[in-house]
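Biologist: Before any bench work is planned, I should like to go through this model with you, one question at a time. Please give the reasoning first and the value or name last.

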Amino acid sequence: MRFQAAVLRSYDAPFTIEEVVLRTEPAVGEILVEIAGTGMCRTDLAVRRSGGRSPVPAVLGHEGAGVVVRTGGGTDTGIGVGDHVVLSFDSCGHCPTCRGAAPAYCDSFASLNLFGGREKEPPLLTDVAGKALAPRWFGQSSFAEYALVSARNAVRVDPALPIELLGPLGCGCLTGAGAVLNTFGAGPGDPLVVLGAGAVGLTAVMAATAAGAPTVAVDRHPERLAAAERFGAIPLPAASPGLPERIRRLTDGGARYALDTTASPELINQALHALRPTGTLALVARLHGPLTLEPGTLDRGRSVRHICEGDAVPALLIPRLIGLWRAGRFPFEQLIRTYPLSDINEAERDCDAGRAVKPVLLPDRTSR
C-alpha cells in the first residue's frame, strides 16, 4: 500500500513529503487508520536532539486521529471498519504495570514507542526505493495519510465529533489533564501551580479549572499568560521577583501541587519552595542536564516525581476529556492551529517560535 507521509531523513534536515510503502496487512489485534489529523508535539521535534537514540529516516507523529479502514482478524478488539478513533501511546498489555492499569509505565514502553517500534522482517514501512523507515513512532507514525497501529492504543469516539481535531487528546492533552485529574486528583481547595503555559500546561489549567482547583500559571510569554488567565488561572510572569513568595501568597500559604513542563532547574527549585508541607511537584518534561535541588526544597514532606502520559489509561481518560469538552469545560480546540501536512516545516517553525500552541496537520488528499 502506497501513501504520502512526512519523512525525517536526518536530525538536521527538514521534513520531506514522500510516497511511502506499507508492506504488510494488519495482523491480529492491529488496525489500519486513515488519518484525518495529527497533532505536532514537542516530543516529535525532540527527535532532532536525541543524540542518535531515535532512528532516522523515520515517519514521526503520535497524536493521530482518523477512521478505521482495515482490521486484522482473530481477536475481538471492539473496533471495526468505519469506527472513528483517537490514537495514543503503545503498550504491551501483559507486563506487571500494564496489568496494574499503568500502561504509560509499560516494561516495553521505550521499544514500542521511542526506538523504532516493533522489529519487523521484512521492514514494515519503506520509501519507494525500498529503504526501511523507522515505523510505529509512539505506536503510530501518524505524520502520514495512514497509520498501522495496535487496536490497544486506539480509543473509539463518537463519529459526530470533529475527528480531525481530536488527535491531541491522545498525548498532549492526556499529559496535562491527566497530571491534574489522575496524578494529583486535584479538586476544590487544592491550590495548584503550573510552570509553562504551552499545550501541556494550558490543558492542565483547563483540567484544574474544571475540577475546581485554584491555579497559578507561570510563564515568560505574556500571550501565553493571557491564555492561561482566559482558562481560569492566575497569571504570574516567570521573572517575577520573589516568585516562591508570590505563589505562596496567591495560594493561601503554598501550592499543594505543582506541575513543571519547562525542565528549568531554576523554576523547579522555585516551585518546590512554593509548596506547602507534604506538597508534590510533578515533572513531565525531559531534563537536559543534572537537576540540583536547593537546600530545604524537600523539607517538611515535600516530594518530587516524574510522570508519563498523565498516568492515564487512554480508554478511560480520553472519553472523560471529551465529556468535559462537550460540556464547555475543556476548550482544548482553542489551542489548535491547523496546517496541511505539506506545510509541516512551517508548523514546526511556528511551534518552535511559539506562534502556534498546538499545530494539527491535516493530510491534503484533495491536492493529489
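Modeller: Let us begin with Glu18, which counts as buried at 17% relative accessibility. Please keep in mind throughout that this is a predicted model.

Biologist: With which residue does Glu18 form a salt bridge, and how far apart are the closest N and O atoms?

Modeller: Glu18 is buried, because its relative accessibility of 17% is under the 20% limit. Its partner is partly exposed, with a relative accessible area of 31%. That partner is Arg9, and the closest N and O atoms are 2.9 Å apart.

Biologist: Which parts of the chain does the salt bridge of Asp158 and Arg326 tie together, and how many residues apart are they in sequence?

Modeller: The side chains of Asp158 and Arg326 meet in a salt bridge with an N to O distance of 2.6 Å. Asp158 lies in the loop between strand E8 (154–157) and helix H4 (172–184), whereas Arg326 belongs to helix H9 (residues 314–326). The pair therefore ties together parts whose separation in sequence is 168 residues.

Biologist: Is Asp158 buried, partly exposed or exposed?

Modeller: The relative accessible area of Asp158 is 31%. Buried would require under 20%, and exposed over 50%. Asp158 is therefore partly exposed.

Biologist: In which helix do Arg248 and Glu245 lie, and what is the N to O distance of their salt bridge?

Modeller: Both residues lie in helix H7 (residues 243–250), three residues apart, which is about one turn of the helix. Arg248 is partly exposed at 29% relative accessibility, and Glu245 is partly exposed at 38%. Their side chains meet in a salt bridge in helix H7, with an N to O distance of 3.5 Å.

Biologist: Which residues are joined into one network by salt bridges that share partners?

Modeller: The structure holds 15 salt bridges. One of them is the pair of Glu18 and Arg9. Salt bridges with shared partners make one network of Arg9, Glu18 and Asp127.

Biologist: Let us turn to internal space. What is the volume of the largest cavity?

Modeller: Rolling a probe the size of a water molecule over the atoms shows where empty space is left. The structure holds three cavities of 30 Å³ or more. The largest has a volume of about 90 Å³.

Biologist: Which residues lining the largest cavity are the closest to its centre?

Modeller: The lining comprises 13 residues. By class, 10 are nonpolar, two are polar and one is charged. Strand E7 (residues 146–150) gives the largest share, three residues. The closest to the centre are Leu125, Gln140, Ser141, Ala147 and Leu148.

Biologist: Which peptide bond is cis, with omega near 0°?

Modeller: The bond leads into Pro57, a residue of the loop between helix H1 (42–45) and strand E4 (64–71). Its omega is near 0°, and the bond is the one from Val56 to Pro57.

Biologist: Asp252 and Glu309 both have a positive phi. Which of the two is buried, and which is exposed?

Modeller: Phi is near 55° in Asp252, a residue in the loop between H7 and strand E12 (255–260). Phi is near 50° in Glu309, which lies in the loop between E14 and H9. Asp252 has a relative accessibility of 71%, over the 50% limit, so it counts as exposed. At 6%, under the 20% limit, the buried residue is therefore Glu309.

Biologist: What distance separates the C-alpha atoms of Glu145 and Glu34?

Modeller: Glu145 is in the loop between strand E6 (125–127) and E7, and is buried, with a relative accessible area of 4%. Glu145 and Glu34 are 111 residues apart along the chain. Their C-alpha atoms are separated by 6.0 Å.

Biologist: Finally, which residues make the nonpolar surface patch, and what is its area?

Modeller: One member lies in the loop between strand E13 (275–283) and strand E14 (303–306), namely Leu293. Leu293 is partly exposed, with a relative accessible area of 30%. The patch is made by Leu293, Leu298 and Val304, and its area is about 190 Å².

Key: Residues are numbered from 1 along each chain as its sequence is written. This is a predicted model: local features need pLDDT of at least 70, side-chain atom pairs count only at pLDDT 80 or more; totals for chains, interfaces and linings use all residues. Side-chain values use heavy atoms; hydrogens and water are left out. Patches are made of residues with over 30% relative accessible area and no salt bridge: like charges are joined within 9 Å, nonpolar side chains (Val, Leu, Ile, Met, Phe, Trp, Tyr) within 5 Å. Accessible areas come from the Shrake-Rupley method with a 1.4 Å probe; for residues, only the protein chains shown count as cover. A salt bridge is a side-chain nitrogen of Lys or Arg within 4 Å of a carboxyl oxygen of Asp or Glu. Helices (H or I, at least four residues) and strands (E, at least two) are DSSP runs, numbered from the N terminus. Buried means under 20% relative accessible area, exposed over 50%, partly exposed in between (1.4 Å probe, protein chains only). On a 1 Å grid over the protein atoms alone, a cavity is a set of points where a 1.4 Å probe fits but cannot get out, and a pocket is an open set with protein on both sides within 12 Å along at least five of seven lines; lining residues have an atom within 4 Å of a point. Grid points are joined across faces, edges and corners, and a volume is the space filled by probe spheres set on the points. Ala, Val, Leu, Ile, Met, Phe, Trp, Tyr, Cys and Pro count as nonpolar, Asp, Glu, Lys and Arg as charged, and the others, Gly among them, as polar.
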